[in-house]
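Hi there,

Here is the structure I promised to pass on to you. Have a look at it first, and then read on for what turned up in it.

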Amino acid sequence: MNAKDNLKNANFTLTDNRSGDTYDLPVLSGSVGPDVIDVRRLYAETDCFTYDPGYTSTGSCESKITYIDGEQGVLLYRGYPIDQLAENSDFMEVCYLLLYGELPTGEQKVQFEKGVTYHTMLNEQLNYFFRGFRRDAHPMAVMCGTVGALSAFYHDSLDISDPKHRMVASYRLIAKMPTIAAMAYKFSIGAPFMYPRNNLKYAENFLYMMFSNPCEDYEVNPILSKAMDRILILHADHEQNASTSTVRLAGSSGANPFACISAGIASLWGPAHGGANEAVLNMLEEIEHPKNITKFVEKAKDKDDPFRLMGFGHRVYKNFDPRAKVMHQTCHEVLGELGITNEPLLDIAVELERLALEDDYFVEKKLYPNVDFYSGIIFKAMGIPTSLFTVLFAVARTVGWVAQWNEMVEDPSQKIGRPRQLYTGETTREFVPLGQR
Ligand code: SDX
């Protein structure tokens, strides 16, 4: 069902106080969630723009992929609740669901996994690409550069008007992100790159490429690969967040998929977005002991202090982020499996969550833990360096980015994204020659 076909159209009347004219703007309804005021005719009819920095009240597109109910703390991938998918599905099945809109049959899943598995290797030339970076380069810088460079190698999947090209590029991106991430890690520690193994599942393959070496056999801990698979599911897509909107905007100009995903990686890097998982761990380490928590909570509440409680708050969720609940449970499972009974950072995180959720400031502003609050503790327990946390977020979110990018390219009403502005600068004035200034 498209919103445009919806019978439940009411009219929204805008009264122009200068002229007294009124304008009718249609209201569109989706299958669930807030109605939208269709302002596409607004400028033509009223000579006015809407004004919404940060897009707090703006819908940028029609989508059928992911839905969030921020008040209820609900997240649906193609209608399926995230907690049910985390409990009963796996990342490859979720990738199929996000890309094609339905859960796969057994045979469809086998074929999809095979298609992804056989794209996990990189063109061998790319190995030399890594050597151009400093060893201490942030791995997100490596991801931005290397993913964008994929368009220099895979010329047979750049024609965005060709559905086959789009799907091949989507498979390649989903398949190669873990390989590039693991190579960025190996390069940073001066260790040899490990090739993906076609007999391993996606998350297992990633951990194999991260932690194995050519000198001995390496068995991935099945509890850790299951936890990693679940974490990938939790991060796979999330409506029109900053990085997905970046991918859509880049794609709206007709840029190739590898360049668009590289743009998404760049946007995700920010500490207000995907960079928060790295910032949370740094914050917990800075707090150092539960006795210091109150000081940091007070800093977070101080309007004059730029410090924010990382891993807390969300533009959409005004209740618990459902992903944070699953992440918290996974945290205890992984630490338990690894026999880590005393993780000071977890103790600090649990106490910080308790104190914040009892504090009027956080209660009134509806600030709850988000997906990033516990993920770093799990990654640290798995032996993943802090600088790689956001890279893992990018690995998981790639399927969401490519699903949203495909939906944007296939949308017949799609146009190049080109926002306007409220201009408050100088009006026209005459040039002043240097000698007269
Ligand atoms: C992700 O959009 C997505 O879906 C993103 C994501 C995804 O899956 O793609 O969910 C992933 O990015 C999760 C968010 C990770 N970021 C962090 O954990 C960083 C810390 N959080 C904040 O920076 C903030 O909460 C944001 C950026 C997440 C949301 O910011 P908004 O929606 O712009 O809200 P805001 O800045 O207007 O805050 C509202 C009020 C403000 O106070 P007032 O000006 O009203 O007095 O709440 C305060 C803020 O100062 N506030 C916080 C806070 N978050 C908001 N105060 C202290 N600590 C915080 N973490």
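Let's start with the ligand, keeping in mind that this is a predicted model. The ligand has 24 residues around it, and those that come nearest are His-238, Leu-309, His-314, Arg-315 and Arg-323. If you sort the residues of this shell by character, you get 10 nonpolar, seven polar and seven charged ones.

Three side chains are worth finding on your screen. Begin with Arg-315, one of the nearest residues: an N or O atom in its side chain is 2.7 Å from an oxygen atom of the ligand. Next, look for Lys-365, where a polar side-chain atom lies 2.9 Å from an oxygen atom of the ligand. Then go to Tyr-361, which has a polar side-chain atom 2.9 Å from a nitrogen atom of the ligand. And how much of the ligand does the protein bury? Taken alone, the ligand exposes 1,000 Å², and 78% of that is buried by the protein.

Now for the helices. Two packed helices are described by the angle between their axes and the distance between the axes. Here are three pairs to try this on.

Helix α11 (residues 257–268) is a good place to begin, with helix α7 (residues 163–188) as its partner: their axes come within 10 Å and cross at roughly 45°. An angle between 35 and 65 degrees counts as oblique, so α7 and α11 are oblique to each other. Their crossing is right-handed.

Helix α11 also pairs with helix α6 (residues 139–149), and here the axes come within 8 Å and cross at roughly 165°. Angles over 145 degrees count as roughly antiparallel, so that is how α6 runs relative to α11. Which hand does the crossing of α6 and α11 have? It is left-handed.

The last pair is helix α13 (residues 293–301) and helix α15 (residues 344–358), with axes that come within 10 Å and cross at roughly 50°. These two helices are therefore oblique to each other, and α13 and α15 make a right-handed crossing.

Happy exploring!

Definitions and conventions: Residues numbered from 1 in each chain as written. Predicted model: local features only at pLDDT ≥ 70, side-chain atom pairs only at ≥ 80, totals over all residues. Heavy atoms only, no water. Near = heavy atom within 4 Å. Polar contact = N/O pair within 3.5 Å; in protein donor to acceptor, adjacent residues only side chain to side chain. Areas by Shrake-Rupley, 256 points an atom, 1.4 Å probe, with all protein chains shown as cover. Nonpolar A, V, L, I, M, F, W, Y, C, P; charged D, E, K, R; others polar. Axes fitted to C-alpha atoms, helices over the stretch in contact; angles between N-to-C directions. Helix = DSSP H or I, 4+ residues; strand = E, 2+ residues; numbered from the N terminus. Parallel < 35°, antiparallel > 145°, perpendicular 65-115°, else oblique. Left-handed = near helix turned anticlockwise from the far one by under 90°.
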